[in-house]
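Got the viewer open? Let's take a walk through this one, selecting a few pieces at a time.

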Amino acid sequence: MNILAVHCNFVSTLEASGHRVAVLAPESEFMSLAAELERLRREQDFIPDCIIQQERLGKRLFIRDLAAAPCPTFFLAVDSHLNMFWHRFYSRLFDCLLTPHASLFRALPLEWRHPEIVLFPHIGQDMPHVPFAERRTDLGLCARLTKHRKIRTWMTELLAPQGLRLEESLPFADMLALYSDTRIVPNESIAFEVNFRLFEAASCGCLVLCQDCGPDQESAFTPGTEMLIWRDCFELREHVVFFTKRPEIAEKIGRAARARIQAEHLPKHRAATLLHLTANVSQGRATGREAARLEWLAEMELARHGLLKISIPWLLDRRKAFEDDPEVLAGTLRLAAESGRKQDALELTRSLLLPAGHATQSHALTLELAGAASAAALQLGDIPLARAHLLAYTRTLPPQHAVSGACAVDIALAWAEYFRKAGRLAQPGSRFDPQRGALPECAYEFLLLARHLHNDPRELSRILEATATLSAQVPPFVEYAVGHLAELSLHQPENWRVRLDFAFACFKACRLELGLAETATAWQCALDAGQRKSFLRVLAARPSHAYIMRLLDISGADNA
């Protein structure tokens, strides 16, 4: 079989299996598939039976002309927990989406979902097993600490007294050598995704302690027998203390993890999956006008986030081919508003506000478009225009579902509620910044916009309450929930329920001492309010409550 591999990390396995592989690793940001296919045919007499592009971390590569591929095409998305904003469009230019984060794609709205999603876990390494008796490090971790990895930083601070050996930057071979010399590896995922570290440490037979990252992780390794889950700092620390003292049990789990790598997660297993799919996958890629539309949307998202060097005026001119498409219109608004073309954005926002059924109105009034138009008006300071778009959308809904908005904050909160009801809570990898004029695309971002727009201190508590509640419901946003709840507790210092929520967000984010201090304060607030029984009832429903009560001697204080 002839395989065209673009930035693929298991090429040698494919070649060792007897397949002819043409390897492309362009440093440019764009690649014309048609031009490369013609060059390969002319220079190497190579016509592919399969094309696979693996997402390149760092500098992105955008392949054009995918609709004209003469064979099955595959996109291997490895970083979707941070890049879903463009993956949701780009992946549909391929016949099949391969990803270790299948649950993220399956949770997308139907209109964004790829028709052929295949769980394709990260690749492990074929490493020899070093007996735990020969390993010199009880607890080790190779991971970068940055301002964007707060929970990871808090986790390392929590485990420092347990003797954690932290290496922030090691070459790949040296990292594997570290794990081969380590018994226990604590693992943190920036967005609660199944990550590379689990497979790297498991390859070396370590006991890996992971956050609860859901079905993608559990399909790769069985919790309890091949790795262990921690849900808060108490479980994490207890795991470390127990298994440091019982290395024979830790080694049993580490051996099982390595056995799973050897049985299912080596390069040969991923190559076999690709070859099987090549023979069986149906053509699921977008073609024609739909392919051109998805190309524009993907390029627009990459340009918005500064990940592609592409002409904004050129992009805006190209969108005219899709004037009637609500998604393209919404994207145009975001691109224009966020790139400093405020007048263009304002004119487009006004032009979209036509009476329902107007003869010149060719676009559909969708949540996506109406929300973007109203948000653009809010960011550009035209409150009546923002309200008009909200009312226009409200008219399309049953009366009992209508939400009104008078001021800018009310309008933003109304959109947050509409997006919440539609299941659009948050975006993986969101770096939304309303201060830069960004336009929100989900409930959480509309709440942040409301926070940015408020000018009355009395509005802040209700905004913070809604934001903290939503962020606590979305696992990747736990560290944000800590910040929102911290601020809310300052505004409502006597509210023990808020303080207790803050405390447990801290425990989940590995901020042990702060969580204990807030729990103690919440307890005292409850006693002062004569709500001892209510406090104990709420606390009893929380994880690790008995341990917390012992640490703080809450039962003793109750009997005093």
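Start by selecting helix α6, residues 172–180, and look at what its inner face leans on: the buried residues of α6 pack against β9, β10, β11 and α7 (196–203). Show the side chains of Met175, Leu176, Leu178, Tyr179 and Ser180, since these are the buried residues of the helix. Keep in mind as you go that this is a predicted model.

**The five-stranded sheet**

Now colour the strands that α6 has just led you to. In what order do the five strands of this open sheet run? Reading across, you get β10-β9-β11-β12-β13, with parallel pairing. At the edges sit β10 (165–167) and β13 (228–230), each of which pairs on one side only. Tilt the view and you can follow the twist, which averages 30° from one strand to the next.

Zoom in on β11 (residues 182–186) and β12 (residues 207–211): the two run parallel and are joined by three bridges. For a landmark, pick Pro186, which stands opposite Leu209 in β12. Next, bring up helix α5 (residues 150–159), which packs on the sheet and touches β9 (137–142), β10, β11, β12 and β13. Compare its direction with that of β9 and you should find an angle of about 160°. Then add helix α9 (residues 233–245), another one packing on the sheet, with β9, β11, β12 and β13 as the strands it touches. Its direction makes about 140° with that of β13.

**A salt bridge across strands**

Stay here and select Asp138 and Arg183. Their side chains meet in a salt bridge, 2.6 Å from N to O. Asp138 belongs to strand β9 and Arg183 to strand β11, so this pair links distant parts of the chain, 45 residues apart. Is each partner buried or exposed? Arg183 is buried, with a relative accessible area of 15%, while Asp138 counts as partly exposed at 33%.

**The six-stranded sheet**

Move on to the other open sheet, where six strands line up as β2-β1-β4-β6-β7-β8 and the pairing is parallel. Here β2 (20–24) and β8 (117–119) stand at the edges; each has a single partner strand, so one side of each is left without a neighbour in the sheet. Neighbouring strands are turned against each other by 20° on average, direction ignored.

Go to the β8 end and select β7 (residues 96–99), which runs parallel to β8 and is joined to it by three bridges. Leu98 is a handy place to click: it stands opposite Val118 in β8.

Then swing over to strand β1 (residues 2–6) and pick out Asn2. With a relative accessible area of 17%, Asn2 is buried. Which residues does Asn2 contact, leaving aside its neighbours within four places in sequence? Show Arg20, Phe46, Ile47, Pro48, Asp49 and Cys50 to see them.

**Two positive phi angles**

Before you leave that area, select Asp45, in the loop between α2 (33–44) and β4 (50–54). Most residues other than glycine have a negative phi. Asp45 has a positive one of about 50°, and at 60% relative accessibility it counts as exposed.

For another example, jump to Ser544, in the loop between α24 (532–540) and α25 (545–552). Its phi is positive as well, near 60°. Ser544 is partly exposed, with a relative accessible area of 23%.

**Salt bridges along helices**

The model has 38 salt bridges in total, so there's plenty to browse. Select helix α12 (residues 288–304) and find Arg293 and Glu290, which are three residues apart and therefore separated by about one helical turn. They form a salt bridge with the closest N and O atoms 2.9 Å apart. Arg293 is buried at 7% relative accessibility, whereas Glu290 is partly exposed at 32%.

Helix α18 (residues 408–421) offers a similar stop with Glu417 and Arg420, three residues apart and about one helical turn from each other. Their closest N and O atoms are 2.7 Å apart in the salt bridge. Glu417 is partly exposed at 24%, and Arg420 is partly exposed at 38%.

For the last selection, show Arg88, Glu301, Arg304, Arg334, Glu338, Glu368, Arg424 and Glu441 together: they are linked in a network of salt bridges.

Methods: Residues are numbered from 1 along each chain as its sequence is written. This is a predicted model: local features need pLDDT of at least 70, side-chain atom pairs count only at pLDDT 80 or more; totals for chains, interfaces and linings use all residues. Side-chain values use heavy atoms; hydrogens and water are left out. Helices (H or I, at least four residues) and strands (E, at least two) are DSSP runs, numbered from the N terminus. Buried means under 20% relative accessible area, exposed over 50%, partly exposed in between (1.4 Å probe, protein chains only). Contact means heavy atoms within 4.5 Å. Two strands pair if DSSP finds at least two bridges between them. Axes are lines fitted to C-alpha atoms, for helices over the stretch in contact, and angles run from 0 to 180 degrees between N-to-C directions. A salt bridge is a side-chain nitrogen of Lys or Arg within 4 Å of a carboxyl oxygen of Asp or Glu.
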